[in-house]
Structure formats: structure tokens, C-alpha cells
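Me: I am new to this structure and should be grateful for a close look at one part of it. Please explain how two of its helices pack together, and then place them beside the sheet.

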Amino acid sequence: MLYDSFGRIHNYLRISVTDQCNFRCTYCMPEEEYACAGKDELMSASEITQIATEFVKLGVNKIRLTGGEPMLRKDFSEILDNLSQLPVELTITTNGVLVDKYLYLLKKSNIKTVNVSIDSLNETEFEKLTGRNMFQRVWKNIQLLLENQFEVKLNVVAMKGHVELELENFISLTRDYPVEVRFIEFMPFTGNHWESDKVITAYELIELAKLNHDVKPLETPAHATAKKYQIDNNQGRIAFISTMSSHFCSDCNRMRLTASGKIKNCLFGQDEIDILSAIRNNLPIDLLIKESVTRKHKALGGQFSQDYKEIKAEAIINSSMIAIGG
Ligand code: SAM
Ligand code: SF4
């Protein structure tokens, strides 16, 4: 089992399988031209399996595939197939565009829950935020997942001035479909033009929702980042990931692997250990994994003030979200 120096168990690995994306979400992609990792810099399907197997030996029991857009990998089927042989709960976060192509494989790999990012239910706004006219396709694929009995969680990045206008529409979704709509507070990464004024907090959104609805907190499972709420008697629910206003680091169980095989012990951490190079040099990686976990800071990668309004985005040393893997 992996424990950090604060006694937190680490049993959840998020693997970015690519830093490429078919979307250009404003809050995620750096505005300047982003140079994706070359093919040789990325972990191959078999290297991903090799590394993931080592994490499983150390106690990991949940793996999430992310990116970039994970389904863009040409060998996505192979990656999924390999990882589905491991004794872990396998999940994925996707922008949803290629879900129809891989639906059968998702089922076959025993994936039960799929997180789909959808920041707007308005076609024009969706295109503005993602840089792609793909709303209808993503929406159809969300329906396809529901028809096929997947548990669907919808990720919405909550940006002030935008999300308030769509809050009621997202709440209506939970009335009409058994989905969890998760509002994620806007987080700062290199090149994403984050400003504290663009953050709308979970508390502010809950207060807005309460103006028209009955909003009741639900039980939050251990290690969960999202605080869930029942809204009216709706079949779905809403949830909030309050990273900026009220972090949940004290219960963190996550490690991340970037597409180029660097282990990151925190989304906001500067620390990266290159385990892909170790694998390629036939060196053992268990000690590197343990070292990374031991080096983990108590909260927010040791970089932020607890008051998000004091954060100076330019001073943060980190990569862009697309490079880290969300
Ligand atoms: N391409 C996939 C997708 O969009 O779902 C997976 C990768 S994406 C980086 C993972 C999640 O991170 C998405 O739900 C996205 O909305 C979220 N995300 C990206 N940048 C963010 C930011 N600056 N603040 C909060 N969430 C962000
Ligand atoms: Fe791509 Fe996902 Fe980032 Fe949007 S949030 S640019 S879909 S990786």
C-alpha cells in the first residue's frame, strides 16, 4: 500500500494517455501554440500496461483514463483491453465525441461510469468554449451512454458570467435524466488565463440553485472530490468540485501519470518523476513511485494560498492541463 508522509492512502491512478485533443477548450488549452509530445515521448500501450501493473502491485485499485482526449489514441482499444485485465475499477473522462465508436469496447472492458465534459447546453456557447461545432454529437453520445445503462457524470467547468446563465438548464437535465452534473470550480494552469474573478464558487452556485429548488446535501463517500446534492425529487443530482474555495486535499488518494510517463503526485504540484525513462532503461519503478508519493505536499501542491483570491496565476509553476491530464 502507498501512504504519503501525512498518512493518506494512495490507491487511485489517473493516466493521461495522450496530450492531443480534438477540442480547444479555452480553460484547458494554452492560447499560444501548444506542441504535443512526439510519438516516441508518449507511453506505448504496453508501457502503459507495464507501469499500471506496477501501481496495482502497490495497492492501486482504481484507474481513470484521461488526457488530452483519450479516445484519440489510435491504439485506444489495445490500451483499454490491456487495462481491463487488471483488478481495478476502470473509468474514463472524455469529451464524448468518439463514444459511439468505442461503445462496445467500453462495455466489454467493464467500464460502468463515464465522465463526459459538456460546458454548455447551448450549441453556440458550446462552440465558443470548445472551439468546435460538436454539441449535437456529444449530446447524442451522452444519450447513447444512458441508453446503454452507463452511469453518466457530466463535467461542467464553472466560470463566472457563463455558468450562472445555464444553471437552470443543467438542473433540468437532472430532472429528465439520471445524470450527475458536476460543476468544477475554474482552476489555474499555465496559459489558461485564469483570474480569481472568473471563479464562481460551489457555495455561490448552491445559493443560486436554492432560489428555485430544494437542495439537500447527500452523503459524500471517502476520497470523493465531488460533494453531491439532491435537487427537488429529481432522478439525477448535482455535485460540486470546490478545489479553489474549499479544497479536499486532506483526503486525497490520487496520483497522476502524464502522457509522457511522468508521475505527478498532485495536479498542482511542480514535482514530476520520469518513470517512463526508467522503464525504458529496464530499471525498477516501485521505489520511484513510492518516492513521488512521499514527496507529496499537504495541500494544493504546496503552491497556492488557501484563499484563491490571493493566487497570482503567473507565479504558478506547473504545466497546462492538457499536458498534465485532467
Ligand atoms: N478531454 C477529456 C475531457 O475533456 O473530458 C479529458 C481531459 S480534460 C483535461 C479532464 C477534465 O478537466 C474535463 O472535465 C475538463 O472540463 C476539466 N478541466 C480542464 N481544464 C480545467 C480548468 N482549468 N479548471 C477546471 N477543470 C478543468
Ligand atoms: Fe480537450 Fe478535454 Fe482539454 Fe477540452 S478539456 S481541450 S476536450 S482535453
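Reply: Axes are lines fitted to C-alpha atoms, for helices over the stretch in contact, and angles run from 0 to 180 degrees between N-to-C directions. Helices (H or I, at least four residues) and strands (E, at least two) are DSSP runs, numbered from the N terminus. This is a predicted model, in which local features need pLDDT of at least 70 and side-chain atom pairs count only at pLDDT 80 or more. Residues are numbered from 1 along each chain as its sequence is written.

Helix H6 (residues 163–176) packs against helix H7 (residues 202–210) at an angle of about 55°, and their axes are 11 Å apart. H6 is therefore oblique to H7, the class left for angles that are not under 35 degrees (roughly parallel), over 145 (roughly antiparallel) or 65 to 115 (roughly perpendicular). On the H6 side, Val163, Glu164, Leu167 and Ile171 make the contact, and Leu205, Leu208 and Ala209 do so on the H7 side; contact means heavy atoms within 4.5 Å.

Beside these helices there is the sheet. The sheet is open and has 12 strands in the order E7-E8-E9-E6-E5-E4-E3-E2-E1-E10-E11-E12, with mixed pairing; two strands pair if DSSP finds at least two bridges between them. Its edge strands, each pairing on one side only, are E7 (215–217) and E12 (272–274). From one strand to the next, the twist averages 25°. Strand E6 (residues 180–185) runs parallel to strand E9 (residues 237–241), and five bridges join them. Phe183 has Phe240 in E9 as its bridge partner.

Key: Chains lettered and ligands numbered in written order. Heavy atoms only, no water.
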